[in-house]
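Colleague: I have just opened this one and would enjoy a short tour. Shall we go through it with a few questions?

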Amino acid sequence: FMLIAGAAGHFFAPEAYVGFIPDFIPEKLANWSSGIVELGLGIAILVPKYRKKALLGTSVLMVLFLPFHVVDAFRENPVIGTKAVALLRVFIQFLLIYLPWFSSKD
C-alpha cells in the first residue's frame, strides 16, 4: 500500500519529488514514470501470482532511487528537511530495498 500511496503522490503532489530529480531528467517524465511503476508494482504485490516478481521489482526500484537520497543527504539544504532527516531517509531506503527482497524469499 506504501507503493500505491507513493504513486498517488507522484500524480497529485509532484512538487514533493522535484527536488530529487536531476536537472538533466525532465520533471514530468520522471514523476509520471516513477508513479506508474510504483502503482504497477503496488498492485502486482496484491496479486499472489505476481507477488514475488513485484517484490523483487520493488527492491530494484528502491536501489535505483537510492542515489537520489544519498545525493540529497550530502546537500547543504536537503530536500527532506535537515541533514539528520536526510541521512535517516538513506537508512530507510536500505530497509525499503531489503524488506521486499526478503519477503520474496519464501
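Colleague: Is Tyr98 buried, partly exposed or exposed?

Modeller: Happy to help, and please keep in mind that this is a predicted model. Tyr98 is found in helix H5 and has a relative accessible area of 40%. Buried needs a value under 20% and exposed one over 50%, so with its 40% Tyr98 is partly exposed.

Colleague: Which helix gives the largest share of the nonpolar patch on the surface?

Modeller: Tyr98 belongs to that patch, along with residues including Leu56, Phe91 and Trp101. Together the patch residues have about 840 Å² of accessible area. Eight residues of the patch come from one helix, spanning residues 83–103, and that is helix H5.

Colleague: Nice! Now the largest pocket: which helix supplies the largest share of its lining?

Modeller: This pocket has a volume of about 770 Å³. Of its 32 lining residues, the closest to the centre are Leu3, Glu38, Met62, Phe65 and Arg89. Helices H1, H3, H4 and H5 each supply at least two lining residues. The largest share, nine residues, comes from H3.

Colleague: And how many residues of that lining are charged?

Modeller: The lining includes 20 nonpolar residues and 10 polar ones. The charged residues number two.

Colleague: One last thing: which residue forms a salt bridge with Asp72?

Modeller: A search of the whole structure finds one salt bridge, and its closest N and O atoms are 3.4 Å apart. Asp72 is buried, with a relative accessible area of 1%, while its partner is partly exposed at 27%. That partner is Arg75.

Notes: Residues numbered from 1 in each chain as written. Predicted model: local features only at pLDDT ≥ 70, side-chain atom pairs only at ≥ 80, totals over all residues. Heavy atoms only, no water. Patch = residues over 30% accessible without salt bridge, like charges linked within 9 Å, V, L, I, M, F, W, Y side chains within 5 Å. Areas by Shrake-Rupley, 256 points an atom, 1.4 Å probe, with all protein chains shown as cover. Salt bridge = Lys/Arg side-chain N within 4 Å of Asp/Glu carboxyl O. Helix = DSSP H or I, 4+ residues; strand = E, 2+ residues; numbered from the N terminus. Buried < 20%, exposed > 50% of the residue type's maximum accessible area, 1.4 Å probe, protein only. 1 Å grid on protein atoms, 1.4 Å probe; cavity = no way out; pocket = protein on both sides within 12 Å on 5 of 7 lines; lining within 4 Å. Points joined across faces, edges and corners; volume = space filled by probe spheres on them. Nonpolar A, V, L, I, M, F, W, Y, C, P; charged D, E, K, R; others polar.
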